[in-house]
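Visitor: Hey, got a minute to walk me through this one? I'd like to start with how the chains are arranged.

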Number of protein chains: 2
Amino acid sequence: MPLNAPAQKSACSSCNLAELCLPIGLSAEEMQRLDELSMQKRSFLRSDYLYRSGDKFRSLFAISSGSFKTQILHDDGREQVTGFQMAGEIIGLDAISSDIHACEAVAMENSRVCELPFNKLETLSRDIPSLQRHLHKIMSREIVRDQGIMLLLGSMRAEERLAAFLLNLSQRYATRGLSPTRFQLCMSRQEIGSYLGLKLETISRAFSHFQEAGIIKVRVRAIEIISLSELKAGINSSC
Amino acid sequence: MPLNAPAQKSACSSCNLAELCLPIGLSAEEMQRLDELSMQKRSFLRSDYLYRSGDKFRSLFAISSGSFKTQILHDDGREQVTGFQMAGEIIGLDAISSDIHACEAVAMENSRVCELPFNKLETLSRDIPSLQRHLHKIMSREIVRDQGIMLLLGSMRAEERLAAFLLNLSQRYATRGLSPTRFQLCMSRQEIGSYLGLKLETISRAFSHFQEAGIIKVRVRAIEIISLSELKAGINSSC
DNA sequence: AAATTGCTTTGATGTAGGTCAAAAAACATA
DNA sequence: TATGTTTTTTGACCTACATCAAAGCAATTT
C-alpha cells in the first residue's frame, strides 16, 4: 500500500465512468445502494503496486482514472504481462477462486481506483439482480478476452499480433471518447512484447515495418493510425 | 441437438461427482433445491456438438461423464482448441457476457452432461450464498486457467508446453480417482497442437523425445508417465 | 552542458519450430 | 484377410522470430 494513497469517499452515482463500469443498468436508487459499499478511492503513482501476487483477496478494484498492467510471475523469474487495464475496467477477478491474488497489478501512470469489498458486493448482488447479472457478465467478458489472447498467442504471427493489439487499444480509447487514431502508449516495447509473447526487438521492427508501409506513424510512444482498415486487413492476411 | 440425446431427470444429490462439481459446499437441503432446477441429463456421441458458436445462450453445462473440447473459429478458417473438459467441469461460461456462445463444444467421446438453465441458477444463487460464492469461484477459476495458458503460449518452448499439458491431465485424472501416470489420451496430436499453439509434427517429436529420455512411454494415445518429477523439471529447465 | 540512465532502433547471425513429403501404424469396413 | 482411411512418425529443409551487439535518442541529474 503506497504511502501516498489518501483514501476518500467516492460515489458511483456521480462518476462519469458509470456508463462503462460496474453500475451499468442500475437504477438511481440501486446505484445509491452501491455507493453505500463505502468504496474508497485511492491514488497510485506510476509503478506503485495495487496488489501483489500472494496478497489476500478482499476487494475488486474499479479503475477510476489512469491505467494498470497485470502480470504473472513465473517461478524461474520470467514474468508475463496478462493485460493492460484502463479507466472503467474491473481488476482482481482472478483472485476470487482461491482468495489469494494470482497475479500482480502495477500502475502504468498516476491512477485512481475504487475499492469494491467483495463480500459486500456479493451481498448486494443478491439483492439487486441487475447487479448480479452485470457482475457475471464482467467475469464472463474477462474469460472471452483471455480466450481471444490465447487465439492470438497460439495462431497469429508477430505483425498480426501487434495489429490486433493496436486495434484493441484504438477501440477502447474510442469507447472512452478519445481519439481512436492518435494516442500515447503508456507501456514500453518490452511490456508489449511480454503481453504478445514476443521480444521487444520484434515489436520495434513491426512498428517500423507498419510505418514504412504507411499504415501508422510512430514516434517512440506516440502513435497515429493512418489506415485502420489496412491494420484490420493485416490481422487476417496470412502474408 | 443430436437425435440420440434422450433427456432424463438427474439429481445432484445422488451424483458421484458432487464433490467436484457445482454442489461443492452445499448442505443436503440446498442440494435438493439445486435438483429442482429440473436439470436434464443428455447423452452425446463422439463428435456431437453440445453447442455451436453463435448459438443463443441459455444454460451452462456440467459434464457428467466423458469429455469435451471447446474451440474458437477464426474468420479465416483457422480454428483453435481453447480447452479440454472432463467430468465434473462446467462449460459455457464464455457465453454469459454476450448471451451468445463465443466458441463451440464438441464431445471427444460418448458423454453425458447436465443442463443448468442459467436464469434459474442465478435466481437460486441469490437465495443460497454458498452457491453464489461457488459460482463465482468457478468463473474465477476459468480466468486463472486461461491466464495460465496465456503464460504457456507466450513464454514456454514446445517441450515445456507438452510437459505442462501432460502434468495438467495427470493431476485432473488423479482428482477423479484415476491413475495419474497411466491414461489414454482422447485427443489427436493435431488437437493437442492446436491447444498448445504448435503443429502436430512438433507434438509427435516432443512425445518421441520424452520417450527416448525415458520420462514417459507412449504408444500412440496410451501414455505412461515414468517420472513425474522429470516431467515437472522439464517445465522450468530453459534447455 | 556534460554525464548518467533507460528506452528504442537497427543490423548480423542463430535456432526452434514450421513446412513438405513419404513411410509406417492404427483403425475401420467389407 | 484384404482394403481403404486416418493418424502418427520421421526425415530434410526452410523461415520467422530470437539472440547478440552496437549505436541512437530522450529524459533526468549534476
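Guide: Sure. This is a predicted model, and in it a rotation of 180° with 0.0 Å of shift along the axis puts chain A onto chain B, at an RMSD of 0.0 Å. The two copies are therefore related as by a two-fold rotation axis.

Visitor: Which C-alpha of chain A is nearest the axis?

Guide: That of Arg126(A), which is 2.3 Å from the axis.

Visitor: OK, on to the interface. How many residues does the contact take from each chain?

Guide: 36 residues from chain A and 36 residues from chain B. On the side of chain A that touches chain B, strand E6 (79–86), helix H2 (118–127) and helix H3 (129–155) each supply at least two residues.

Visitor: And which element gives the most to that side?

Guide: H3(A), with 19 residues. By type, the side of chain A that touches chain B has 13 nonpolar, 12 polar and 11 charged residues.

Visitor: Why do you say the copies meet through the same surface?

Guide: Because 100% of the interface residues of chain A are also interface residues in chain B.

Visitor: Switching topic: how do H5(B) and H6(B) pack?

Guide: Helix H5 (residues 189–196) and helix H6 (residues 200–212) of chain B pack at about 100°, their axes 8 Å apart. Since 65 to 115 degrees counts as roughly perpendicular, that is what H5(B) is to H6(B).

Visitor: Which residues meet there?

Guide: From H5(B), Arg189(B), Gln190(B), Ile192(B) and Gly193(B); from H6(B), Leu200(B), Thr202(B), Ile203(B) and Ser204(B). The residues of that contact divide into three nonpolar, four polar and one charged.

Technical notes. Residues are numbered from 1 along each chain as its sequence is written. Chains are lettered from A and ligands numbered from 1 in the order in which they are written. This is a predicted model: local features need pLDDT of at least 70, side-chain atom pairs count only at pLDDT 80 or more; totals for chains, interfaces and linings use all residues. Copies are superposed by least squares on the C-alpha atoms of residues with pLDDT of at least 70 in both. Two residues are in contact if their C-beta atoms, placed from the backbone, lie within 7 Å. Helices (H or I, at least four residues) and strands (E, at least two) are DSSP runs, numbered from the N terminus. Ala, Val, Leu, Ile, Met, Phe, Trp, Tyr, Cys and Pro count as nonpolar, Asp, Glu, Lys and Arg as charged, and the others, Gly among them, as polar. Axes are lines fitted to C-alpha atoms, for helices over the stretch in contact, and angles run from 0 to 180 degrees between N-to-C directions. Angles under 35 degrees count as roughly parallel, over 145 as roughly antiparallel, 65 to 115 as roughly perpendicular and the rest as oblique.
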